[in-house]
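Please open the structure in your viewer and keep the selection tool at hand, as this tour moves from one selection to the next and says what can be found at each stop.

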Amino acid sequence: MSESQEKVLSILGVGLIGGSLAKAAKSAGLCQKVVGYGRCLKSLQRAVDLGVIDQIACDVKTAFESADFVVLATPVGAIEPLLKQAVGHFKSNVVITDVGSTKGSVVEAVRRALGEVPGNFVPGHPIAGTENSGVEYADAKLFDGRRVILTPLEHTDPDAVSRVRRMWEGVGSIVSEMAVNHHDEVLAATSHMPHMLAYLMVDTLSKMDARHEIFKYAASGFRDFTRIASSDPVMWRDICLANSDALLSALEEYSSEIMQLRNAIEAKDDEYLMALFSRSKAVRDQFC
Ligand code: NAP
């Protein structure tokens, strides 16, 4: 076993993200064994059959007891109850991290569950994923070349941060560090709000009288804009509630821009429209 290899990697929540990390870590030789825990034995058995995990943990206690490296990869709302069940079952050298899309809520959940955020807990968020859920979609290449944000606290153990960084870099990710609040503000704007808009767009259209015609003639623009509305509702309910403050301010700013756009259309303000579309096109072209 090399010094940089973790002996037992435990994944709680062996879905798209947890399963992809398990696969990637195994194929990069970053751990000797992967243990998986979830609510449903059938999907855990599927994870074994697919070679994603090596062993099923029948409860949270077992998932923690032998683990050197734990990844919490459930929807963020499940983290607090899971950690409460783990109390008293941590190995002395264990490092715990998570992949949740919100970081302030996860830090608070850890504090409520354990009474403090221990130095060996390193909050994390891979900026990679798809609208698909479940271990069937686990992909060892999901994190290759993608960013991962770690949001360690002031007292987080630097060795724990190094081990988490090593895991993500080992699966091909580019790791950066950010303050918890800053992460939540940035992600509210770039990820959480777009998901809200996609869900709302599909729902709004589906309630219109002409909905059958609308969906019949919807083309690739509609498909591109709304792809993320196929994401898991439980995950997005949790994210929405967990990052509500940052999400609300992003939505407020967007609402005021929508009103300006609406007024410009009503006033047939071609200059406003041309300037808006040109600015947006330039920014997106550069981004892509
Ligand atoms: P997923 O494919 O649905 O996987 C979630 C897994 O958690 C499932 O295997 C589910 O299995 C398990 N689970 C759910 N509730 C649980 C509970 N109470 N106790 C134990 N296990 C539970 O979702 P995902 O896309 O991998 O997302 C997982 C996390 O990654 C979320 O926190 C999300 O915010 C974050 N994330 C997602 C993306 C993305 O694009 N999808 C990107 C970055 C970060 P059972 O139902 O069988 O228990």
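Begin by selecting the ligand in this predicted model, and then display its surroundings, where 28 residues form the shell and the closest of them are Leu16, Arg39, Thr74, Ser101 and Gly134. If you colour this shell by residue type, it divides into 15 nonpolar residues, twelve polar ones and one charged residue. To see which elements contribute, select α1 (16–27), β7 (124–126) and α10 (233–242), each of which supplies at least two residues of the shell around the ligand.

Next, look at individual atom pairs around the ligand. At Ser101, a polar side-chain atom lies 2.6 Å from an oxygen atom of the ligand, while at Gly134 it is a backbone N or O atom that lies 2.7 Å from a ligand oxygen atom. Select Ile17 as well, where a polar backbone atom is 2.8 Å from an oxygen atom of the ligand. Taken on its own, the ligand has 880 Å² of accessible area, and the protein covers 86% of it.

Now leave the ligand and select two helices, α7 (residues 180–206) and α11 (residues 244–266), whose axes come within 9 Å and cross at roughly 65°. Turning the view along this pair, you can follow how α7 passes α11 in a right-handed crossing. Which residues meet here? From α7, select Asp184, Glu185, Ala188, Ala189, His192, Met193, Met196 and Leu197, and from α11 the residues they meet, namely Ala246, Leu247, Ala250, Leu251 and Tyr254. Coloured by type, the residues of this contact divide into ten nonpolar, one polar and two charged.

Notes
Residues are numbered from 1 along each chain as its sequence is written. This is a predicted model: local features need pLDDT of at least 70, side-chain atom pairs count only at pLDDT 80 or more; totals for chains, interfaces and linings use all residues. Side-chain values use heavy atoms; hydrogens and water are left out. Axes are lines fitted to C-alpha atoms, for helices over the stretch in contact, and angles run from 0 to 180 degrees between N-to-C directions. Helices (H or I, at least four residues) and strands (E, at least two) are DSSP runs, numbered from the N terminus. A crossing is left-handed if the near helix is turned anticlockwise from the far one by less than a right angle, and right-handed if clockwise. Contact means heavy atoms within 4.5 Å. Ala, Val, Leu, Ile, Met, Phe, Trp, Tyr, Cys and Pro count as nonpolar, Asp, Glu, Lys and Arg as charged, and the others, Gly among them, as polar. A residue is near a molecule or strand if one of its heavy atoms lies within 4 Å of it. A polar contact is a pair of N or O atoms within 3.5 Å; within protein, one must be able to donate a hydrogen and the other to accept it, and residues adjacent in sequence count only if both atoms are side-chain atoms. Accessible areas come from the Shrake-Rupley method with a 1.4 Å probe; for residues, only the protein chains shown count as cover.
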